[in-house]
Amino acid sequence: MADKKRNSDSIEYQLFIKLYLANERRIYGFVRALVPNWSDVDDVIQETAAVLWSKFDQFHKGTNFSAWALKIAHFQVLNYYKNQKKDKLYFSDEMLSLLAEKNFKNPNTDERLSILKKCLQKLKAYELSLIQLRYEPDGSTRKVAEQTGKQLHVLYRLYNKIHAKLLFCIRQKLSEVY
Amino acid sequence: MELTPLQLNRLLTLLGALRDEIITSGEFDELTELLKTYPAAVDYYLGYIYLCTDLCNLQAAIRHAPALPISDESCGLFEPESDSGSPPLTLEILKALGDYENQAEALELPPIEIPEKAPIDPKPVKKAVPRVSKLSLFSLAMSLAALLLILVYPLLFPHPPVGVAWVTDSIGASWSWRDPLEKGTRLVAEEDVIQLYKGIVKIRTDNGACVVLEAPAEFRFINSDELAMPYGRVFVNVTGSSNGFAIQTRDSKIIDLGTQFGVYTDMRGETELHVFEGKTVLIAGFRNKAKQVADVIAGQARKFGEFSSDIRSIALSNSFFVRDIESKANLVWRQDKQIDLADVVGGGDGLGTGKINTGLNPSNRTADKPGELRDRRSPNTYNPIVENPFIDGVFVPNGAGPQIVSSRGDVFADCPETSGYFYAEILNTPVKLLNSVSAANPLSTLPGDADYSGGDHPFLCLHANSGITYDLNAFRQRLAGSRILRFSAVLGILNCAPNEPIKTIADFWILTDGQVRYKTTLSRGESEPADIEIAQTDRFLTLIATDGGSQNIELDRNAIGYDWCIFGGAKLILE
């Protein structure tokens, strides 16, 4: 089995990749919600992916891959919290378990993504362009400030507005669905 | 529990800082507190995280989507973006996310139907000659380009924001901007309101009006002569302004010319106007209500709003508005009627912002430890205090030579001869210390109406021999427009010395500009009130406690044993 796993052409591996990619956003969201230092999120995700693959033979095919993957991601987050560093921010144990509990119950990500696309269409052109600039790879509000010549605090206010619009829109449409 | 719009805005600001990885530990604590307190905040938090994740993915999807065919007639405006770097800020990019849905899905255009025509015999055709001159075409193209430029330019290069005011000071201010609210921050006339969550901010407009805003408040400058404030509390001093100044609330507008006034309006629209100087014009009743116009002059106050459309008279409140702040001195001035001099010794502004149980060493001995209690001899030099603008200096009087009591060189000619020893610092309300040094006779046993043992009643403690001089002009400068009328205090000696063999005696002195205005000798457990008038010309106020000589040279060699002299409720009374 182990040899089979190492073969990237194997059916087992192809299936794993398919399932992982389908749930990658969900796992990312889950870990980001629990790890306030976003630069560390990729490390936790990589470790999670490695553990998922190494334990994939224990996964009962046909059951909920997302739930299984999130449990392992949660375990990896707890491991990350065990090695806390002084200069980083961490949630308290109480807050971590509250966020994890709520996080497990979050609605289907595909549904939310499709709703988000509709909500984006309701934004004004300049709001869309700001969103695009901010969510460039390695983008940041400060970079947008440099690019647009706008003051940082002005941009924060604009982004607050835009994010609030999107959050309300997604909330409303999700409540119509569920 | 739902979040208020203010809290939601703050939550989003904190999440933005978290996402940008510039959140401070203090802000992170604030975020955690919000999440802990409001279940709705947790939902927003998770929603925000997933939103960011999805937007990152969408953006990545757009960047990696195959480029659309580029028309040759694009005139360079819609160049394909390069693989590296951020996309240029063109209209195409502005629309890119909006068009994402269309671009992501395969477009199925209906086939173009070409009407069938009867077959025509091919005949040689003379090449068509253009009927429009090239010059006309060129002119048309240039006109279209110019028109396009006119339309696009404002979008690409919006007008720079117009600066209208400067932040000149702030105390404990937290607001909706990411940039810290500091002296020197430039404020611009903008559409969005600024939310002041806590603290006080002082702003000077380009036209010279001085505005002091107290949290919670929302405001925005319409221009350098007008402020919109949906809710909040503001004091406006327009006396230095060349123009007038106007405040807009939800349902009113207050216009003034060269006055001092305050406006308070709550979230429901209930509004109060208090006019302290000059005259204002109040226009009340926006939003389809009948408008009422009233002149409100100095000494008057008016109320109006949601619950009553009429403009009613109310009592003017002098202390309802913060009129000035000075962060260096931690000064928050509300036109209070008195200045607590013990509070000033504790580093405060005289309005209760100082620290109790702290003080100043009357000597300039750097070797002394803070809070040290022991007999120490000191020369009678005058020691100026530079770090506190309200305290001119301190000293240990000994009467051996001319006793200087101010930085101007005023001399306390009647200074008695003392041992030249001092025992403790000059202290602001040292309840902890005095209750501990005298467990059997704590502060509660001091005669008089006030119980000083709990720290509720401030007092200045000068253990003999020590003196302190206040700069009255410094108070006058900070409290512009207010006169100092009197000084008052209850003088007394703590009842902590054993009855025998020491009989505690000390002298209390109150001076202005080196001249004795009040002098008394008290013994253990005695007290008496002191009240002196302060003239506008008086510059320095000096309070002194000197030993009354030793009653038992064997046991009290330095003559200062148990000379805990109290100036209870020592204060300057203002006009």
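Reader: With which residue of chain A does Asp20(B) form a salt bridge?

Author: In this predicted model, Asp20(B) is paired with Arg134(A), and the closest N and O atoms are 2.7 Å apart. A pair counts as a salt bridge when the nitrogen lies within 4 Å of the carboxyl oxygen. By that rule, 4 salt bridges are found across the interface of chain B and chain A.

Reader: Which elements of chain B give two or more residues to the side that touches chain A?

Author: They are helices H1 (5–19), H2 (25–37), H3 (39–64), H4 (91–96) and H5 (100–104) of chain B. H3(B) gives the most, with 20 residues. By character, the residues on this side of chain B comprise 31 nonpolar, 12 polar and 12 charged.

Reader: How many residue pairs are in polar contact across the interface?

Author: The rule finds 17 such pairs between chain B and chain A, both residues being at pLDDT 80 or more.

Reader: How should one read the area buried between chain B and chain A?

Author: The size of an interface is often given as the accessible area lost when the parts come together. Here the area buried between the two chains is about 5600 Å², with carbon and sulfur atoms giving 64%. The contact draws 55 residues from chain B and 56 residues from chain A.

Reader: How many helices and strands does chain A have?

Author: Chain A has 9 helices and 0 strands. Of its 178 residues, 52% count as buried. Among contacts in chain A between residues at least 6 apart in sequence, 68% link residues at least 24 apart.

Technical notes: Residues numbered from 1 in each chain as written. Chains lettered and ligands numbered in written order. Predicted model: local features only at pLDDT ≥ 70, side-chain atom pairs only at ≥ 80, totals over all residues. Heavy atoms only, no water. Contact = heavy atoms within 4.5 Å. Buried area = accessible area lost by both parts, 1.4 Å probe. Salt bridge = Lys/Arg side-chain N within 4 Å of Asp/Glu carboxyl O. Polar contact = N/O pair within 3.5 Å; in protein donor to acceptor, adjacent residues only side chain to side chain. Helix = DSSP H or I, 4+ residues; strand = E, 2+ residues; numbered from the N terminus. Nonpolar A, V, L, I, M, F, W, Y, C, P; charged D, E, K, R; others polar. Buried < 20%, exposed > 50% of the residue type's maximum accessible area, 1.4 Å probe, protein only.
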